[in-house]
Amino acid sequence: MAASKLPSAAPTQHLSLPFFNAAHQDLAQRLVAWVPQQDVDERDDRAACQAWVRHLGDAGWLRYCVPAAFGGALDAMDSRALVILRETLAFHSPLADFAFAMQGLGSGAITLAGSPAQQAAYLPAVARGDKIAAFALSEPDAGSDAGAMTTSATPTPDGVALNGCKTWISNGGIADFYCVFAKTDPEAGTRGITAYVVDASTPGLDASEHIAVMAPHPLATLRFDNCRLPASAQLGELNGAFKLAMRTLDIFRASVAAAALGMARRALAEAVHYAKARPMFGQRLADFQLTQAKLGEMAAMIDAAALLTYRAAWMRDCVGTDTPAQAQAYSAAAAMAKMTATENAQRVIDMALQMHGGMGVKVGTKVESLYRDIRSLRIYEGATEVQQLIIGKSVLKS
Ligand code: COS
């Protein structure tokens, strides 16, 4: 196969779209230049994630996960900056994207509803990369149906005791603290859930059960056995945390779409590179109309996902979510972006793999790892079916 240049830099042409301003373009240019210079050994997912948090923290990128008042880069969380960061990081390394995103998701509830003491204790450390954050909502029998959780927080003389189990917890086992959601009024359904900030060292918390998955990243089951917390650990209002969890997920939903977009763009770049270099029947793979048609379809699916993703981020930043109508419109837009970008990315990556023939399934090739990396994005932070539900409910209300 003739040598040709491998794609190493994420594309930036789309940044001239009206969704973005000069600050976003500057952010993207700096990041696109920075990421390929990082050299992280990703054979051990936990060590790699810790290394990425260190690199991202030292270079200042994690400052986009928290507001400026707590060491962040911007006055408020900027969805378009998050989208640019995740898309660019995911193009280069899905694990780098994961490390970045979990700092934001794991601390998002503290940004939204933490007490001043909680915000001061955790957010600057998250922004520096000195503390690793995690968001603990899912349970063995409560994934999409988050309100069905059974982990309980019962009153003690000086706070609460947590009992129960959380699972599929990203950063589980390497996190310094967890934002944990628990039932405080089991009869009240989604109106009986309260959140707590739990330090990893708290007696009664066991995060040692690592879950191995097809695209390795830090993931664990957490067990709470009479895990005693002071009253000051409560995060936000008593019984008000279901909405807090939904609001936290809402912020990051458009950025999950962006991560999928980054992976899809990388798969297309790999496919183009391969098609131009691969000799076949006396010409190049790229010279066949069949190949051109596939590449065209992939590019259109990526652009469709990109426009929905950027629109959702722009709506949150520029229209806002202050009124119920705005909040509903944004939730639906973010759900459309997440659903479309993750589903389209799966198809684009599969098509890129198919174009690589046998090389596509060879362990160690980029499309092979992308094929595994993309799969969980259609499931976590609200599966495709949950996004369909959110969009459908919104359509019926309008
Ligand atoms: N922002 C603020 N409030 C929200 C909200 C949002 N995005 N979505 C729902 N709410 C509120 C509702 O307005 C409702 O409020 P009231 O009690 O005042 O009526 C309350 O939360 C319950 O909402 P709803 O009745 O829609 O809850 P359901 O139990 O039917 O659940 C879904 C709705 C399925 C959408 C929700 O459980 C969900 O998003 N599940 C996916 C969870 C997830 O992403 N898991 C992965 C975890 S991280 S890997």
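Helices here are DSSP runs of H or I at least four residues long, numbered from the N terminus. The views below show a predicted model, in which local features need pLDDT of at least 70, side-chain atom pairs count only at pLDDT 80 or more, and totals for chains, interfaces and linings use all residues. Residues are numbered from 1 along each chain as its sequence is written, and side-chain values use heavy atoms, with hydrogens and water left out.

**View 1. The shell around the ligand, and the helices that build it.**
Helix H6 (241-277) is a good place to start, as H6 gives the most to this shell, with seven residues. Helix H10 (384-397) also supplies at least two residues. The shell counts 20 residues around the ligand, with Ser144, Arg191, Lys243, Asp250 and Gly382 coming nearest; a residue is near if one of its heavy atoms lies within 4 Å of the molecule. Domain 2 (134-239) and domain 3 (242-397) each contribute at least three residues to the shell, with domain bounds taken from an automatic or database domain assignment. By class, the shell holds seven nonpolar, six polar and seven charged residues. In this scheme Ala, Val, Leu, Ile, Met, Phe, Trp, Tyr, Cys and Pro count as nonpolar, Asp, Glu, Lys and Arg as charged, and the others, Gly among them, as polar.

**View 2. Polar contacts of the ligand with Arg191, Lys243 and Asp250.**
A polar contact is a pair of N or O atoms within 3.5 Å. The side chain of Arg191 places an N or O atom 2.7 Å from an oxygen atom of the ligand. For Lys243, a side-chain N or O atom and a ligand oxygen are 2.8 Å apart. Asp250 pairs with a nitrogen atom of the ligand instead, through a polar side-chain atom at 2.7 Å. Taken alone, the ligand exposes 1,000 Å², and the protein buries 68% of that; these accessible areas come from the Shrake-Rupley method with a 1.4 Å probe.

**View 3. The largest cavity, with H3 giving the largest share of its lining.**
A cavity is a set of points, on a 1 Å grid over the protein atoms alone, where a 1.4 Å probe fits but cannot get out, and lining residues have an atom within 4 Å of a point. Grid points are joined across faces, edges and corners, and a volume is the space filled by probe spheres set on the points. The structure holds two cavities of 30 Å³ or more, and the largest has a volume of about 70 Å³. Helix H3 (79-92) and helix H1 (22-34) each supply at least two lining residues, with four coming from H3. The lining includes His14, Glu87 and Arg265, and divides into seven nonpolar, three polar and two charged residues.

**View 4. The second largest cavity, lined without charged residues.**
About 40 Å³ of space lies here. Among the lining residues are Ser8, Val35, Pro36 and His92. H3 again gives the largest share, three residues. Six nonpolar and three polar residues make up the lining.

**View 5. The second largest pocket, lined by 32 residues.**
A pocket is an open set of grid points with protein on both sides within 12 Å along at least five of seven lines. This one holds about 670 Å³ of space, and Glu42, Ser93, Pro94, Leu95 and Asp373 lie nearest its centre. Helix H4 (94-113) is among the helices that supply at least two residues, and H4 gives the largest share, six. The lining has 13 nonpolar, eight polar and 11 charged residues.

How values were computed
Polar contact = N/O pair within 3.5 Å; in protein donor to acceptor, adjacent residues only side chain to side chain.
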